[in-house]
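Here is a short set of exercises to work through with the model open beside you. Try each task before reading its solution.

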Number of protein chains: 2
Amino acid sequence: MPTPARTSITDIVAAGRDILEADGPPGLTMQAVATKVGVRPPSLYKHVKNRESLVGLVAGDALRDLRERLDGADSDLAGLAHAFRAFAKESPQGYQLVFALGPDASRPDPAALAQTSQPILRVAADLVGEGDALEAARTITAWASGFVAMELAGAFRLGGDVNRAFDYGVKALTRGLAR
Amino acid sequence: MPTPARTSITDIVAAGRDILEADGPPGLTMQAVATKVGVRPPSLYKHVKNRESLVGLVAGDALRDLRERLDGADSDLAGLAHAFRAFAKESPQGYQLVFALGPDASRPDPAALAQTSQPILRVAADLVGEGDALEAARTITAWASGFVAMELAGAFRLGGDVNRAFDYGVKALTRGLAR
DNA sequence: ACCTGAACACCGTTCAAGT
DNA sequence: ACCTGAACACCGTTCAAGT
């Protein structure tokens, strides 16, 4: 006789997301997630294939938040850059997971990634025209993701004002890309 | 009676570096390193504090290689950017480890990181003058590290020529930073 | 002074057995 | 149809015992 499910994929991903932000990727264990949703570890395998795919789902969840931020931001380079950075400050572990490497199963869905680059492509096209939009978008994304990654990693240790360096980068890119 | 050491910190770090490139961070286990240098796992703890610090030493070793590349490169933005990318292609796992997050013990020595930024600071000063050199260097490093990280992660999936996008970024930054 | 086997706590995963 | 305990292989780490 069937028994009602005691948890759900939605609950599992939400629990994973919370645990990730609290304890980082090493804390995101099947045991921790199972405890949080109130089942035993083996039960999770009725809902996700394995830990890798759970990590991928959590990354996808974080990516959705990032996309919402970008969609709601001002449609210029400064607006997108600040939305990018704001998301990283709010969900540092989620941010890193979105841009992390690892096996395909642990990566967010390529289609979702493509959708997230939409607002950046639009801003790039506004700056340089349709012909160079892809190259310009890659320049912007590389700088923004690199800057935020270094900031989160505590890599800016030579003093100076990090906020000032961020605004400096926005201006330098805007100048370098403007037609 | 003392027995001669059967391995050394040098051997251990070199073995760790090889294993990292072959199998990635998950493969870099104490057991794998011990097997490679010909001892049992517990013996490693006579040479390193724990796995975290071993990872930090391996990251430091990769960072030394990156520094050598940068020191040998042409002293302009294009030269440094290509040296950066060449190192990442040769040692993708080592590259990622250098720019990864994680606990302090697993990160390369801050002083070594500072020394690596030296050639970038010099190029930045050439472009924008001493006053803005730090901000310009951070813009360059953020873009280069972000671009290469995305390339390694396979994040450029919208078609187009990645080499062209790289050169486009070099030109955009040079233009945006030039006085 | 270094190396080892044994042990412990932890993890991911499978599977037969329960309801 | 979902959940569970038991089991397995693996991992990091400690420690007393060897040489």
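A salt bridge is counted when a side-chain nitrogen of Lys or Arg lies within 4 Å of a carboxyl oxygen of Asp or Glu. You are looking at a predicted model, in which local features need pLDDT of at least 70 and side-chain atom pairs count only at pLDDT 80 or more, whereas totals for chains, interfaces and linings use all residues. Residues are numbered from 1 along each chain as its sequence is written, chains are lettered from A and ligands numbered from 1 in the order in which they are written, and side-chain values use heavy atoms, with hydrogens and water left out.

**Exercise 1. Start inside one chain**

Find the partner of A:Arg64 in a salt bridge, and place both residues in their helix.

Step 1. The side chain of A:Arg64 meets that of A:Glu68, with N and O 3.3 Å apart.

Step 2. Both residues belong to helix 3 of chain A, which covers residues 51-71. They are four residues apart, about one turn of the helix.

Step 3. Now zoom out: chain A has nine helices and zero strands. (Helices are DSSP runs of H or I with at least four residues, strands are runs of E with at least two, and numbering starts at the N terminus.) The C-alpha trace of chain A spans about 70 × 40 × 25 Å along its principal axes.

Step 4. Over all chains, a search of the whole structure gives 18 salt bridges.

**Exercise 2. Relate the two chains**

Work out what turn and shift lay chain B on chain A.

Step 1. Superpose the copies by least squares on the C-alpha atoms of residues with pLDDT of at least 70 in both.

Step 2. A turn of 180° with a shift of 0.0 Å along the axis does the job, and the RMSD is 0.0 Å. That is why the relation is one of a two-fold axis.

Step 3. Check the contact surface: 100% of the contact residues of chain B recur in chain A, so the same surface serves both copies.

**Exercise 3. Describe the protein interface**

Describe the contact between chain B and chain A by residues, area and polar pairs.

Step 1. Count residues with heavy atoms within 4.5 Å, the cut-off for contact. Chain A and chain B each give 39 residues.

Step 2. The size of an interface is often given as the accessible area lost when the parts come together. Here about 3,500 Å² is buried, 64% of it on carbon and sulfur atoms. (Buried area uses a 1.4 Å probe and is summed over both parts.)

Step 3. Four salt bridges cross the interface. A:Arg164 pairs with B:Asp132 in a salt bridge whose closest N and O atoms are 3.2 Å apart.

Step 4. Eight residue pairs are in polar contact across the interface, both residues being at pLDDT 80 or more. (A polar contact is a pair of N or O atoms within 3.5 Å; within protein, one must be able to donate a hydrogen and the other to accept it, and residues adjacent in sequence count only if both atoms are side-chain atoms.)

Step 5. On the chain B side, helix 6 (110-116), helix 7 (118-128), helix 8 (133-152) and helix 9 (162-177) each supply at least two residues. Helix 8 gives the most, with 13 residues.

**Exercise 4. Follow the DNA**

Identify the residues closest to DNA strand C, then those closest to DNA strand D.

Step 1. A residue is near a strand if one of its heavy atoms lies within 4 Å of it. DNA strand C has 21 residues around it, the closest being A:Tyr45, A:Arg51, B:Arg6, B:Arg40 and B:Ser43. Of the strand C atoms within 4 Å of the protein, 66% are sugar and phosphate.

Step 2. A polar backbone atom of A:Arg51 is 2.9 Å from a phosphate oxygen of DNA strand C. For a backbone N or O atom of A:Met30, the distance to a phosphate oxygen of this strand is 3.0 Å.

Step 3. DNA strand D is also surrounded by 21 residues, with A:Arg6, A:Arg40, A:Ser43, B:Tyr45 and B:Arg51 the closest. A side-chain N or O atom of A:Ser43 is 3.1 Å from a phosphate oxygen of DNA strand D, and a polar side-chain atom of A:His47 is 3.0 Å from one.

Definitions and conventions. Buried area is the accessible area (1.4 Å probe) that two parts lose on being put together, summed over both.
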